[in-house]
Amino acid sequence: MSGEQSVDRASDDKLDDEKVVIPVDEHAAQLQADSQARDPRDKSSSFFTIVASGAGLISDGYQNSLMTMTNVVLALIYPTSYTSAVSTRVSNALLVGEIIGQIFFGIMTDRIGRKTAIVTTTLFIALGSLIGTAAHGANGSVDGLFWCLTFARGITGVGVGGEYPAGSVSASEAANERVLKHRGPVFIMVTNFVLSFGGPLAVSIFLIVLSAAGENHLSTVWRVCFGIGILLPLTVLVFRLYMVNSRLYRAGAIKRRVPYGLVLRKYWKRLIGTCGAWFLYDFVTFPNGIFSGTIISSVVPNKDIRSTAEWQLLLGTIALPGVFVGAFLCDRLGRKYTMMLGFSGYLVFGLIIGCAYDRITQIVPLFVVFYGLMNSFGNLGPGDMLGLISSESYATAVRGTCYGISAALGKTGAAVGTQAFTPIQNNLGKKWTFIIAAICGVSGILVTYFFVPKLTGEDLAKEDAEFAQFLAEHGWEGEVGEDDGEHLIRAISSEKQISA
């Protein structure tokens, strides 16, 4: 029975046994309006949710970029002990933690609610940053210091990873309630823009601390930078405590007996698209971000740390305009084709830098500009679109889970790319890190074309209605909505029961 959905209407005391058949579009409207007037905090909460998600993701961007200059500093302080293997281990600890956090909190975001998940991730980031700031080895052991940093970055990563599904899903649903017609650009500005801004912010703070402490106190410099990472998530905690779960979540949550088999059956193609594209994007972006300071240091005369940081700041700044261009194009060109355009930038600039590496690195400003433009296209396309597409492609009941899985596959790509970065440089040459980026650009275009849906920014409630109908048609029975006596509906077990 195409285009129809059956629900039970709840009375004040009990569920009515009468089955009512309504069209999907009408069901979408019903889901959107459900409980709209029941909580007076809804309107203000959607605003606070958008702000809290965006402000919180600044700390994520900061943490993702924190090791960029810290790697350079630790290599100067411990030139023989801080080997490439140790540097990779400490850097990868954040990524491993992120993968765990994205999967765990992705599921928890759907099962226990957006607010509880996002508050918990905030505390994880603060705890990990605190441990990193105070990191020491037993009896002054340098190796112990590095292992403590590895542990601290892992804890931080769990929180940062959890922010992706918890914060982004919350922002998407809040924007759907407050600014539906501009949900795409608003979502991008409170997610990828602040994540990208975290890079220049981290380098700017590093330069300020370096100027204040001096180059003779580098241990103080990196510890202060870690300590500032404690303050950033705590500043938004009060906003997050004010949040309430979105109306879409209260109406469409499935907290028990989640039909994951049917979820996979409905969304397998979209999952291949979001997971595959995110893997390729992070495979290029994260190692180039983490080791960009090392890359620039290798082409800067005398490897001066201040000059390296200044060029690193310029690199991060050049990458930011791509975020705004992507936000502008997402509704006009469409999510899918904007992402393909961004991947094409990896192809073009990756080949330019890779093929002319020996000559272009002799002119540091030119190298940094081309490097920055490659990153800017990454922001324009997959950087902006992957979170947006992942938040729009799946129903509310499993949005956090599917978003978390997609982001986790992305961070798997980041971990693989980070682990492979040094061997690629050592065995194939530094230019091949950019040529491989170009290859990933071609692969990203193909994955996006064949597996990513062409979305138009419709109300998220429509996907919820189609998902509920899909479950009913395949015989699933269960409660949909938060079990608070107000938002409870029951899916019908089969089309035969609906027709009856």
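**Helices, turns and a surface patch**

Helix H13 keeps a good part of itself out of sight: Ile305, Thr308, Ala309, Gln312, Leu315, Gly316, Ile318 and Ala319 are buried there. An α-helix has 3.6 residues a turn, so residues three or four places apart point the same way. The helix itself covers residues 305-319, and its end C-alpha atoms sit 21 Å apart, which agrees with the 21 Å that 15 residues should span at 1.5 Å a residue. As with everything described here, this comes from a predicted model.

Stepping back to the whole chain, the fold has 21 helices and 4 strands. The chain runs to 500 residues, and 59% of them count as buried. Among contacts with a separation of 6 or more, 82% are between residues 24 or more positions apart. The accessible surface adds up to about 19300 Å², and carbon and sulfur atoms own 63% of that.

Helix H3, residues 84-111, is another one whose span works out as expected. Its 28 residues reach 40 Å from the first C-alpha to the last, close to the 40 Å expected at 1.5 Å a residue. Even so, H3 has a bend of about 30°, located at Asn92. Just past the end of H3 comes Gly113, with a positive phi of about 115°.

Glycine is not alone in taking a positive phi here. Most residues other than glycine have a negative phi, and most peptide bonds are trans. Asn139 goes the other way, with a phi near 55°. This residue belongs to the loop that links helix H4 (114-133) to helix H5 (142-178), and Asn139 is exposed, at a relative accessible area of 87%. Arg257 is a second case, again with a positive phi near 55° in a residue other than glycine. Its place is the loop between helix H10 (247-252) and helix H11 (260-290). Arg257 is exposed too, with a relative accessible area of 55%, where the cut-off for exposed is over 50%.

Helix H19 offers both buried and partly exposed residues. Take Ala437, which lies in H19 and is buried, with just 2% relative accessible area. Ala437 touches Val284, Tyr346 and Met374, leaving aside residues up to four places away in sequence. Asn288 is 149 residues from Ala437 along the chain, yet their C-alpha atoms are separated by 9.5 Å. Thr433, also found in H19, has a relative accessibility of 7%; it counts as buried because that is under the 20% cut-off. With residues up to four places away in sequence again left out, Thr433 touches Phe421, Ile424 and Gln425.

Leu446 tells the other side of the story. It lies in the same helix, H19, which spans residues 431-451, but Leu446 is partly exposed, with a relative accessible area of 48%. Together with Val442, Tyr449 and Phe450, Leu446 makes a nonpolar surface patch of about 400 Å². So H19 holds buried Ala437 and buried Thr433 along with partly exposed Leu446.

Conventions. Residues are numbered from 1 along each chain as its sequence is written. This is a predicted model: local features need pLDDT of at least 70, side-chain atom pairs count only at pLDDT 80 or more; totals for chains, interfaces and linings use all residues. Side-chain values use heavy atoms; hydrogens and water are left out. Helices (H or I, at least four residues) and strands (E, at least two) are DSSP runs, numbered from the N terminus. Buried means under 20% relative accessible area, exposed over 50%, partly exposed in between (1.4 Å probe, protein chains only). Contact means heavy atoms within 4.5 Å. Accessible areas come from the Shrake-Rupley method with a 1.4 Å probe; for residues, only the protein chains shown count as cover. The expected span of a helix is 1.5 Å times one less than its number of residues. The bend at a residue is the angle between axes fitted to the seven residues ending there and the seven starting there. Patches are made of residues with over 30% relative accessible area and no salt bridge: like charges are joined within 9 Å, nonpolar side chains (Val, Leu, Ile, Met, Phe, Trp, Tyr) within 5 Å. A salt bridge is a side-chain nitrogen of Lys or Arg within 4 Å of a carboxyl oxygen of Asp or Glu.
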